[in-house]
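Visitor: I'm new to this, so could you take a close look at how the strands and helices fit together here, and walk me through it slowly?

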Amino acid sequence: MQTEIILETKNLSKKFGNVLALDNVSVTLKKNHVYGFIGENGAGKSTFMKIISGLAFPTSGEFELMGQSDPKQIERMRKNVGTMIELPTLYPGYTIRQNVELQRIIVGNPDASVTDRVIEMVGLENDKNKKAKNLSMGMKQRLGIAIAMVGNPKLLILDEPINGLDPKNIVALRNLLKKLSEENDVTIFVSSHILSELFLLATDFIFIHKGRIIERATHEEIEEKCSQYVSIKTENMPETVTTLEKDFPELEYKVIADDAIKVFAKPEIKTDISRSLMKAGIVITELSVKEQTLEEYFMTITGGNENA
């Protein structure tokens with residue numbers, strides 16, 4: 001049976017004046033997957049999320065939401081979308097429970113029991129009578145997720161939900177989102193600057209850079225690409241590259257600095273590389289096996305040192 005497509009965008013673009021915030025963005029989100037949306041500040045992440053959520057409109061392009069492409073039908077389908085983009089919108093004078101209950105009424109969910117259920121889901125049941133204005137950043141983030149969940153969404157869009165959470169709450173949130181995806185058939189589309197945490201959560205990754213999608217990959221593919229590599233530092237990089245290309249013509253590598261290179265191969269090759277470089281009279285200042293993180297991989301494919 002073909003996997004159900006929750007969202008499909010085709011060449012979505014968004015201009016703000018002369019600035020192209022999104023440039024022909026085409027993505028497909030499938031049921032029950034958790035998508036990590038990765039990009040530096042200003043890459044277009046929030047703009048894309050706002051368009052899908054109905055908070056902004058594209059300059060060009062189109063999309064289908066749960067099989068619907070007609071604007072009126074898309075608006076109807078948005079009842080099945082829960083969102084928390086940038087900071088959660090809260091009524092400061094209302095309690096946690098009142099904020100969630102108000103959202104339940106707004107989205108038209110007749111199940112009154114869902115209010116306390118989502119509050120418990122995010123671990124705020126003991127604080128449900130606290131006013132929003134008195135909450136910590138982490139508690140506001142969890143309340144925002146509860147509000148996003150109150151309509152029992154099929155698609156949950158979360159922009160930086162980990163902000164302000166301590167390590168214990170980050171683990172709790174990760175477990176909650178995994179449970180929602182696996183047990184409640186929720187597709188999750190989440191951005192975060194904490195890529196190490198996103199790596200533990202997402203089943204798929206979408207990388208955006210300067211408004212363009214530059215790569216899509218499954219967790220397994222990323223795991224393979226973020227595997228071990230050999231780090232080499234020498235005093236003569238041009239000669240090092242020449243020697244490696246002559247002695248190891250199939251080798252995949254990347255020069256990352258004037259004196260440093262990454263070789264993407266099995267660790268066992270380290271001995272052969274050492275022998276080859278020494279034979280060529282090249283002074284090796286470092287030769288070690290390391291593991292590429294998701295952050296490092298992001299830097300590699302964007303070709304820069306922007307903040308992920």
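Guide: Sure, we'll start with one sheet, then go to a pair of helices, and end on a strand with its partners.

This is a predicted model, so local features need pLDDT of at least 70 and side-chain atom pairs count only at pLDDT 80 or more, while totals for chains, interfaces and linings use all residues. Residues are numbered from 1 along each chain as its sequence is written, and side-chain values use heavy atoms, with hydrogens and water left out.

Now look for an open sheet of 6 strands, in the order E6-E7-E8-E4-E9-E10 with mixed pairing. The names are DSSP runs numbered from the N terminus: strands (E) have at least two residues, helices (H or I) at least four. Two strands "pair" if DSSP finds at least two bridges between them. At the edges sit E6 (81-84) and E10 (212-218), each pairing on one side only. On average, neighbouring strands of this sheet are turned by 15° against each other, direction ignored. Zoom in on E7 (residues 155-159) and E8 (residues 187-191): they run parallel, joined by 5 bridges. Ile-157, for one, has Phe-189 in E8 as its bridge partner.

Helix H1 (residues 45-53) packs on this sheet, touching E4 (34-38), E6, E7, E8 and E9 (204-209), and its direction makes about 150° with that of E7. Contact here means heavy atoms within 4.5 Å. Angles run from 0 to 180 degrees between N-to-C directions, and axes are lines fitted to C-alpha atoms, for helices over the stretch in contact.

Next, the helix pair. The axes of H3 (residues 96-107) and H4 (residues 114-121) come within 9 Å and cross at roughly 125°. That makes H3 oblique to H4 (under 35 degrees is roughly parallel, over 145 roughly antiparallel, 65 to 115 roughly perpendicular, and the rest oblique). From H3, the contact residues are Ile-96, Arg-97, Val-100, Glu-101 and Arg-104, and from H4 they are Val-114, Thr-115, Asp-116, Val-118 and Ile-119.

Last stop: E11 (residues 228-234). Of its 7 residues, 5 are buried, so E11 is largely enclosed by the rest of the structure; buried means under 20% relative accessible area, with a 1.4 Å probe and protein chains only. E11 pairs antiparallel with E14 (residues 284-291) over 7 bridges, with Gln-228 partnered by Glu-291. E11 also pairs antiparallel with E13 (residues 260-264), over 4 bridges, and there Ser-231 stands opposite Lys-262.

Conventions. Buried < 20%, exposed > 50% of the residue type's maximum accessible area, 1.4 Å probe, protein only.
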